[in-house]
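This report goes through a structure with two protein chains. Please look at the sequence and the model before reading on.

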Amino acid sequence: MSDTTTTTTERAPTVYVPSAEALATVLAPGSRPPRPSALAASLTFGWRAMLKIKHVPEQLFDVTAFPIIMVLMFTYLFGGALAGSPRDYLQFFLPGIMVTSVVMITMYTGVGLNTDIEKGIFDRFRTLPVWRPAALVGMIFGDVLRYILAAVVILGLGLVLGFRPEGGVVGVAVGIGLLVVFSFAFSWVWTFFGLILRSEKSVMGVSMMVLFPLTFLSNVFVEPSTMPGWLQAFVKVNPVTQLVAAIRGAMSGDSDPSATMWLLLWSAGFVLVFGTLTMYKYNRR
Amino acid sequence: MSRRTTGLAIEAEGLTRSFGDTRALAGIDLQVPAGTVYGLLGPNGAGKTTAVRVLATLLRPDGGSARVFGHDVVTEADKVRSRVSLTGQYASVDEDLTGTENLVLLARLLGLRKPAARERAAALLAAFGLTEASDRQVKKYSGGMRRRIDIAASILNTPDLLFLDEPTTGLDPRSRNQVWEIVRAVVSHGTTVLLTTQYLDEADQLAGRIAVVDHGRVIAEGTPGELKSSIGSGTVHLRLRDPAQRPEAERVLREALDVPVQLAADPVALTARVGEAGTDLDASAQAARVLSDLARAGIVVDNFSLGQPSLDEVFLALTDHPAVPADAHDDELEAAR
């Protein structure tokens with residue numbers, strides 16, 4: 001895949017002459033196989049996302065380099081001031097920065113969709129007789145793998161820096177599981193914006209406006225108890241707060257059923273509302 | 001083969017569609033017989049692409065109705081989708097993926113199992129001369145190869161109706177001929193083809209019937225023969241050595257052909273239609289007479305050509321205005337690609 005310069009300049013050795021016989025064999029009307037199930041179609045679209053990662057591995061920067069920078073930056077920036085030492089801060093902070101990084105990455109779903117539509121490939125997908133949301137669900141399946149990769153990178157770095165989750169392997173796995181569930185649901189916000197906005201730049205612009213308040217005005221960086229009352233009120237209802245509380249609980253071996261319930265409710269709400277809006281727009285573009 | 005060659009493939013009545021203030025479709029009526037190539041001829045911005053997108057279920061019309069093989073494109077979109085395929089003007093395959101991956105992906109989405117999908121992909125790539133390029137990313141393909149993989153992707157499911165939106169725009173003459181051969185093969189196997197084009201000769205070469213589209217309406221419809229007999233079958237283009245001789249040349253032409261002569265902005269150029277309906281000579285005989293008359297009058301001709309009328313001339317004949325893109329923005333988009 002790296003020999004781009006040689007392949008583009010290479011001349012086809014023989015000129016293609018369409019042959020009636022060769023075309024006849026592929027044009028013979030075969031029997032039409034039954035249409036694939038919703039899951040099979042979605043997984044096939046997910047396979048497309050995998051292939052794109054294989055051909056354009058640079059896109060994994062967002063889910064590797066970016067989270068590493070986030071962890072290092074904030075751990076050493078705030079650690080000493082807020083918890084006495086970066087190592088102590090990390091016990092509190094790691095689940096939070098994991099959520100922040102992954103939730104921020106979800107916006108690439110919208111950017112990717114917008115680019116695909118711009119290029120025209122979705123015209124073909126939309127004329128296929130398959131379960132309509134499959135193209136989008138498959139795309140998000142691919143993104144979920146990116147979320148998992150980002151979470152694992154952050155966890156690995158955290159462990160190296162001294163993060164010691166009391167909840168053990170199971171607690172950490174449950175925590176990452178909750179994060180993936182929420183991120184899958186939250187991605188539908190971006191498919192919606194990816195469909196209604198004109199360019200990928202505007203998708204990025206809107207996403208920053210949404211993501212910064214959502215991730216910073218939460219319990220990610222500090223305990224909300226020192227904040228003014230009106231801010232605490234926002235922080236309390238912020239789904240990111242619930243998500244962080246639930247993951248902190250799971251990873252520290254002291255689960256937080258109320259936060260977990262709220263987080264699952266929020267997730268269901270995002271899929272229901274933004275999934276429906278997305279499909280409405282998708283069908284009527 | 002005969003299971004799908006009867007009746008009408010497309011029936012559209014009064015289709016309208018606007019984008020903001022732009023009226024892209026102003027009431028299009030179409031009747032496309034099954035098993036034929038039907039050409040939609042018009043300039044950029046005439047509404048050809050919008051019409052195709054409505055008929056391919058990608059866009060809802062504001063008004064009017066359309067049926068594809070008897071199925072309504074809005075209320076029975078899924079039934080329509082199972083029988084049609086679209087090759088759009090822009091990428092209708094994924095440029096990041098290889099040729100094989102693109103075709104396998106689509107074959108699987110159409111319900112083939114993995115081994116069958118691979119087999120189908122390999123057969124299509126071979127038939128379209130892309131076997132050697134099968135493991136290369138599509139973004140590294142040449143323009144002609146791109147078009148071929150687009151069309152290969154469109155006939156994966158051997159559709160009953162294939163939409164080809166300007167399939168040869170931007171291609172070199174050889175690639176264009178290849179696409180034409182493919183279209184002929186596709187239609188000979190019973191698939192109906194709706195083709196949009198800006199070139200009269202392309203529509204003439206391929207289509208059984210042509211609808212000329214302008215400002216979202218069909219302004220003329222018929223077989224290529226009928227259309228040409230209404231507008232003349234050819235045009236002579238002349239370039240003189242001496243611009244001072246142009247008035248004299250114009251007079252000679254008018255006398256020889258008995259048609260209006262157009263004076264181009266270029267001071268040495270003239271254009272006139274030949275082969276008009278009702279004249280007793282065919283286009284080449286008329287052209288020969290023009291040349292000898294000019295020579296006798298002592299007018300030096302540097303460049304002479306006899307060709308089919310251009311889209312501009314067709315429009316001039318049908319509408320009294322040249323084929324101006326309705327929306328200049330469209331042109332910029334074209335240029336940017």
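A helix here is a DSSP run (H or I) of at least four residues, and a strand is an E run of at least two. With these terms, residues 261–280 of chain A are 100% helix and 0% strand, and the end C-alpha atoms of this span lie 28 Å apart. The model is a predicted one.

**Chain A**

What does the secondary structure of chain A come to? Chain A has 13 helices and 0 strands. Read from the N terminus, the order of its elements is α-α-α-α-α-α-α-α-α-α-α-α-α. Along the principal axes, the box filled by the C-alpha atoms of chain A is roughly 80 × 45 × 35 Å.

Chain A has 285 residues, of which 40% count as buried. Among the contacts in chain A with a separation of 6 or more, 78% join residues that are 24 or more positions apart.

The mean pLDDT of chain A is 88, and 95% of the residues score at least 70. In residues 1–10 of chain A, however, the pLDDT is below 50. Beyond near neighbours in sequence, that stretch has 5 contacts in the model.

An unreviewed UniProt entry gives the annotation "transmembrane region" to residues 60–83, 89–113, 134–163, 169–196, 203–222 and 261–280 of chain A. Two of these annotated spans are set out below.

| Span of chain A | Helix | Strand | Distance between end C-alpha atoms |
|---|---|---|---|
| Residues 89–113 | 96% | 0% | 37 Å |
| Residues 261–280 | 100% | 0% | 28 Å |

**Chain B and its side facing chain A**

Chain B is divided into domain 1, residues 2–229, and domain 2, residues 234–307. The C-alpha centres of domain 1 and domain 2 of chain B are 39 Å apart.

How many residues of chain B are in contact with chain A? There are 43 of them, and they touch 37 residues of chain A. On the chain B side, the elements that give two or more residues are α2 (77–81), β6 (84–87), α3 (99–109), α4 (114–127) and α6 (173–188). The largest share, 5 residues, comes from α6(B). Sorted by class, the side of chain B that touches chain A has 21 nonpolar, 12 polar and 10 charged residues.

Note on methods:
Residues are numbered from 1 along each chain as its sequence is written. Chains are lettered from A and ligands numbered from 1 in the order in which they are written. This is a predicted model: local features need pLDDT of at least 70, side-chain atom pairs count only at pLDDT 80 or more; totals for chains, interfaces and linings use all residues. Two residues are in contact if their C-beta atoms, placed from the backbone, lie within 7 Å. Ala, Val, Leu, Ile, Met, Phe, Trp, Tyr, Cys and Pro count as nonpolar, Asp, Glu, Lys and Arg as charged, and the others, Gly among them, as polar. A residue is buried if 20 or more other C-beta atoms lie within 10 Å of its own, exposed if 12 or fewer, and partly exposed in between; C-beta atoms are placed from the backbone. pLDDT is the predictor's confidence in each residue, from 0 to 100. UniProt positions are given in the numbering used here, feature names are shortened, and annotations may be inferred rather than shown by experiment. Domain bounds come from an automatic or database domain assignment.
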